[in-house]
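Open the structure in your viewer and keep the selection tool at hand. We will go stop by stop.

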Amino acid sequence: MTKKDLKPESVFRFFGEINNIPRPSKHEEKMQAYLLRFAEERNLEVRKDATGNIVIRKKATAGMEEKPVLIFQSHMDMVCDKLVDHEIDFLNDPIKTYIDGEWLKAEGTTLGADDGIGCAMQLALLDANDIEHGPIECLFTVDEETGLTGAHGLEGDMLTGTMLLNLDSEDEGLFYVSCAGGKTTTASYIYNKVSAPEGMFFMKASLKGLTGGHSGDDINKKRANALKILARFLYLEQQKMPLALAQFNSGKLHNAIPRDGSIVFAVPFKEKETVRVDWNIFCSEVEEEFIVTEPSMVWHMESTEAEPVIPQDVSRRIIMSLQAVHNGVFSVCQDKSLGDITETSSNTASVVTTADKCTIVCSQRSNVMSNLENMVNTVSAVFELAGADEIIHNDGYPAWKMNPNSHLHQTAQQCYRSLFNTEPTVIGIHAGLECGLFSEKYPQLDMLSVGPTMRGVHSPDERLLIPTVEKVWQLIIELLKNI
């Protein structure tokens with residue numbers, strides 16, 4: 001298969017154009033300009049709100065004017081992550097893609113199919129002149145990945161329809177009808193670095209090559225968290241000998257499982273060989289623990305130059321809190337109608353140390369808002385006990401509750417059965433979707449989330465299963481006829 005063979009041609013053509021446009025979260029200006037120009041060139045009604053969201057409207061084709069307005073929605077921004085040794089400027093460089101069998105992948109970076117392929121489907125629909133449809137509204141939101149900023153700021157009169165198809169899901173054949181709510185907890189430790197005690201030996205250790213993934217979709221897949229693994233090693237050594245922490249850096253995004261990280265620390269000179277032996281044993285044991293999900297772990301340890309360290313008491317409390325804070329699934333969903341999904345979880349997402357501050361970010365999710373609050377409190381309590389100087393929670397976003405009487409769900413299921421002679425799976429998702437915030441601003445909205453199959457999202461392993469794009473496209477066309 002070559003790129004010229006990709007079907008539907010129009011969808012992949014627009015996806016290629018989108019991936020030539022730099023669009024990191026909070027830097028969607030070039031994508032916004034592209035969308036405005038796209039609409040103006042086709043004489044389509046377009047509006048941009050104060051937050052930066054854009055809606056493009058297309059009139060019904062002849063004879064379809066009485067159909068209800070159907071809203072299609074995706075987000076402009078993408079998670080920008082890369083392999084450690086790959087060079088790219090995400091603010092200026094395009095995403096380079098290639099085909100591997102039936103998968104579309106990127107060279108050393110995230111692919112941007114989350115949610116560029118959703119945007120491409122909307123553009124292909126707006127551009128087409130051979131598809132019968134009623135009135136269409138295509139909503140493109142900003143900054144979904146780092147705070148749902150676009151959905152939070154969406155103005156109350158941007159949409160006129162009462163049915164919305166979200167194109168931000170990652171499993172073809174799964175119809176998502178609810179999603180988790182979420183909050184982010186940030187803990188900070190303030191200090192002034194000091195000189196290490198006399199007779200200390202400095203070491204640098206690192207871990208890379210982990211699978212990583214989405215902190216919602218992949219949190220239940222028993223993947224390793226590089227941050228937690230490095231913290232675990234520091235805790236073990238701290239219990240055995242005096243240890244001075246100089247640097248700890250791991251993780252980049254609140255909604256991604258850390259796939260690499262590094263630490264710089266000092267131990268008494270006489271203990272250096274003990275630490276090396278402990279490291280080798282530790283690496284072997286952890287590799288055995290994650291033999292199924294982490295086949296490509298890369299470990300490294302070396303001596304390094306002396307540098308100022310975090311005061312011992314603060315260093316000890318940082319390490320203990322990182323050891324203790326919950327990471328992974330906390331509870332599973334009790335509502336069997338939503339399928340076998342995680343209900344509540346937390347992802348220890350990142351740690352960054354500077355000359356005077358250590359910042360730790362953890363992301364909590366739950367499909368039940370009271371349990372989300374409990375998860376937030378559970379995480380916060382660890383940092384409170386460890387004496388963090390500051391603990392901040394963002395405003396978060398609400399869960400999206402299933403509508404058991406949804407006309408959109410029922411029609412989409414009928415269309416899917418007609419097209420593919422099989423039943424779609426109706427399920428809830430543990431990841432956050434903008435649908436939760438839309439339901440607050442537009443309580444009348446009847447919503448469904450679908451999308452082609454993707455794997456490894458929010459990581460350089462992100463890939464798109466090519467044949468599933470055409471299936472979702474066929475579903476969209478059939479839905480337009482039958483809604």
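This tour of a predicted model visits strands, a helix, pockets and cavities.

**Stop 1: a hairpin**

Select residues 45-48, strand E1, and residues 54-58, strand E2. The two strands run antiparallel, and 4 bridges join them. Now pick out Val46; opposite this residue, in E2, stands Ile56. Together E1 and E2 make a hairpin, with 5 residues between them. Click on Gly52 in the turn: its phi is positive, about 115°.

**Stop 2: an open sheet**

Next, show strands E4, E5, E21 and E20. In that order, these 4 strands form an open sheet with antiparallel pairing. Which strands stand at the edges? They are E4 (97-100) and E20. Each has a single partner strand, so one side of each is left without a neighbour in the sheet. Strands of a sheet pair through backbone hydrogen bonds.

Stay with E20 and add E21, residues 463-465. These two strands run antiparallel and are joined by 2 bridges. Find Arg455, then look in E21 for its bridge partner, Arg463.

**Stop 3: helix H9**

Select residues 407-420 to see helix H9, which has 14 residues. How far apart are its end C-alpha atoms? They are 20 Å apart. At 1.5 Å a residue, the helix should span 20 Å, so the two values agree.

Now colour the buried residues of H9. They are Leu408, His409, Thr411, Ala412, Gln413, Cys415, Tyr416 and Phe420. What do they pack against? Show strands E3 (70-75), E7 (163-166), E8, E18 and E19 (446-449), and add H11: the buried residues of H9 pack against these elements.

**Stop 4: the largest pocket**

Select Asp171, Tyr176, Asp217, Asn220 and Lys221. Of the 21 residues that line the largest pocket, these lie nearest its centre. Strands E8 (174-179), E18 (425-429) and E20 (454-455) each give two or more residues to this lining. E18 has the largest share, with 3 residues. The pocket holds about 320 Å³ of space. Colour its lining by class and you get 8 nonpolar, 6 polar and 7 charged residues.

**Stop 5: the second largest pocket**

This pocket has a volume of about 270 Å³. Its lining has 28 residues, and Glu144, Leu148, Arg365, Tyr397 and Gly432 are the closest to its centre. Add strands E9 (181-190) and E16 (357-366), which each supply at least two lining residues. How does this lining divide by class? It has 5 nonpolar, 14 polar and 9 charged residues.

**Stop 6: the cavities**

Rolling a probe the size of a water molecule over the atoms shows where empty space is left. Across the whole structure, 3 cavities of 30 Å³ or more are found.

The largest cavity contains about 90 Å³ of space. To frame it, select from its lining, which includes Asp81, Lys252, Arg259, Ala349 and His458. By class, its lining residues are 5 nonpolar, 3 polar and 4 charged.

Move on to the second largest cavity, with a volume of about 40 Å³. Select Glu172, Gly173, Phe175, Tyr416, Val450, Gly451, Lys471, Val472 and Leu475, which line it. Tyr416 is familiar from Stop 3, where it was one of the buried residues of H9. Which element gives the most to this lining? Helix H11, residues 466-482, does, with 3 residues. The lining divides into 5 nonpolar, 2 polar and 2 charged residues.

Conventions. Residues numbered from 1 in each chain as written. Predicted model: local features only at pLDDT ≥ 70, side-chain atom pairs only at ≥ 80, totals over all residues. Heavy atoms only, no water. Pairing = 2+ DSSP bridges. 1 Å grid on protein atoms, 1.4 Å probe; cavity = no way out; pocket = protein on both sides within 12 Å on 5 of 7 lines; lining within 4 Å. Points joined across faces, edges and corners; volume = space filled by probe spheres on them. Nonpolar A, V, L, I, M, F, W, Y, C, P; charged D, E, K, R; others polar. Expected span 1.5 Å × (residues − 1). Buried < 20%, exposed > 50% of the residue type's maximum accessible area, 1.4 Å probe, protein only. Contact = heavy atoms within 4.5 Å.
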